Amino acid sequence: MILLFSRPVGRQEYDNLNFLRRHNLIPSLQETEYIWRLANNFAEGNNIAIDALNLKARNWRALELSDDPQESSNIISFLQDKGILNSMINFSPEEKLKRDVQDELKTDGVKIFWEKVAQFIVSK
């Protein structure tokens, strides 16, 4: 599944995006701006940039969109046309990511959190 985000609202949404960015599951701010510029000013023959984005996109799970609906539509069309969304569907996290976040990205993270809270309370 690919997530497409609009502008965050509130601290929790910013924290969520920062978590994704910290683990390279979403493009950096600079990469996001670069994607937007490419989408709005793409010149055929710029395939080296597209090839590089497709390689990076295999590690991404989400993308941020522009506040402008028309620009966001252009970005989505560009991502689809250039195969970047398809690369994201073929998610293949780097080995470093697998090691660094194996505990943070487990499916039972909520359970682990509450177990730690309970242990903390019992120890007090």
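## A buried salt bridge

Arg-21 and Glu-64 are both buried, and the two form a salt bridge whose closest N and O atoms sit 2.2 Å apart. This pair ties together distant parts of the chain: Arg-21 belongs to helix 1 and Glu-64 to strand 2, with their positions 43 residues apart in sequence. Keep in mind that this is a predicted model, so treat that N to O distance as part of the prediction.

## The other bridges

The count of salt bridges comes to five. One of them joins the side chains of Asp-67 and Arg-7, at 2.4 Å from N to O. Here too the partners come from distant parts of the chain, 60 residues apart: Asp-67 is in the loop between strand 2 and helix 4, while Arg-7 is in the loop between strand 1 (3-5) and helix 1. Asp-67 has 48% relative accessibility, so it counts as partly exposed.

Another bridge stays inside a single helix. Lys-111 and Glu-115 both sit in helix 7, four residues apart, which is about one turn of the helix. Their closest N and O atoms are 3.6 Å apart. Lys-111 counts as exposed because its relative accessibility is 51%, just past the 50% cut-off. Glu-115, with a relative accessible area of 38%, is partly exposed.

## A cavity beside the buried pair

How many cavities of 30 Å³ or more are there? The count is one, and the volume of the largest cavity is about 30 Å³. Its lining is made up of Thr-32, Ile-35, Trp-36, Leu-63, Glu-64, Ile-75 and Leu-79. So Glu-64 turns up twice in this story: as a lining residue and as the salt-bridge partner of Arg-21.

Three elements give two or more residues each to that lining: helix 2 (29-41), strand 2 (62-64) and helix 4 (69-81). Helix 2 gives the most, with three residues.

## The fold as a whole

Zooming out, the protein chain has seven helices and two strands. From the N terminus, the elements run β-α-α-α-β-α-α-α-α. Of the 124 residues, 30% are buried.

Take the contacts between residues at least 6 apart in sequence: 72% of them join residues at least 24 apart. The chain exposes about 8,600 Å², and carbon and sulfur atoms supply 54% of that area.

## Surface spots and a backbone oddity

Helix 7 has more to show than its salt bridge. Phe-113, also found in this helix (residues 109-123), joins Val-110 and Trp-114 in a nonpolar surface patch, and together the three have about 370 Å² of accessible area. Phe-113 counts as partly exposed because its relative accessibility is 48%.

Over in helix 3 (residues 47-57) there is Ala-52. Is Ala-52 exposed or only partly exposed? Its relative accessibility is 41%, so Ala-52 counts as partly exposed. The C-alpha atoms of Ala-52 and Ile-84 are separated by 10.0 Å, with the two residues 32 apart along the chain.

For the backbone, have a look at Asn-24, in the loop between helix 1 (11-22) and helix 2. Its phi is near 60°, a positive value in a residue other than glycine. Most residues other than glycine have a negative phi. Asn-24 has 46% relative accessibility, so it counts as partly exposed.

Conventions
Residues numbered from 1 in each chain as written. Predicted model: local features only at pLDDT ≥ 70, side-chain atom pairs only at ≥ 80, totals over all residues. Heavy atoms only, no water. Buried < 20%, exposed > 50% of the residue type's maximum accessible area, 1.4 Å probe, protein only. Contact = heavy atoms within 4.5 Å. Areas by Shrake-Rupley, 256 points an atom, 1.4 Å probe, with all protein chains shown as cover. Patch = residues over 30% accessible without salt bridge, like charges linked within 9 Å, V, L, I, M, F, W, Y side chains within 5 Å. Salt bridge = Lys/Arg side-chain N within 4 Å of Asp/Glu carboxyl O. 1 Å grid on protein atoms, 1.4 Å probe; cavity = no way out; pocket = protein on both sides within 12 Å on 5 of 7 lines; lining within 4 Å. Points joined across faces, edges and corners; volume = space filled by probe spheres on them.
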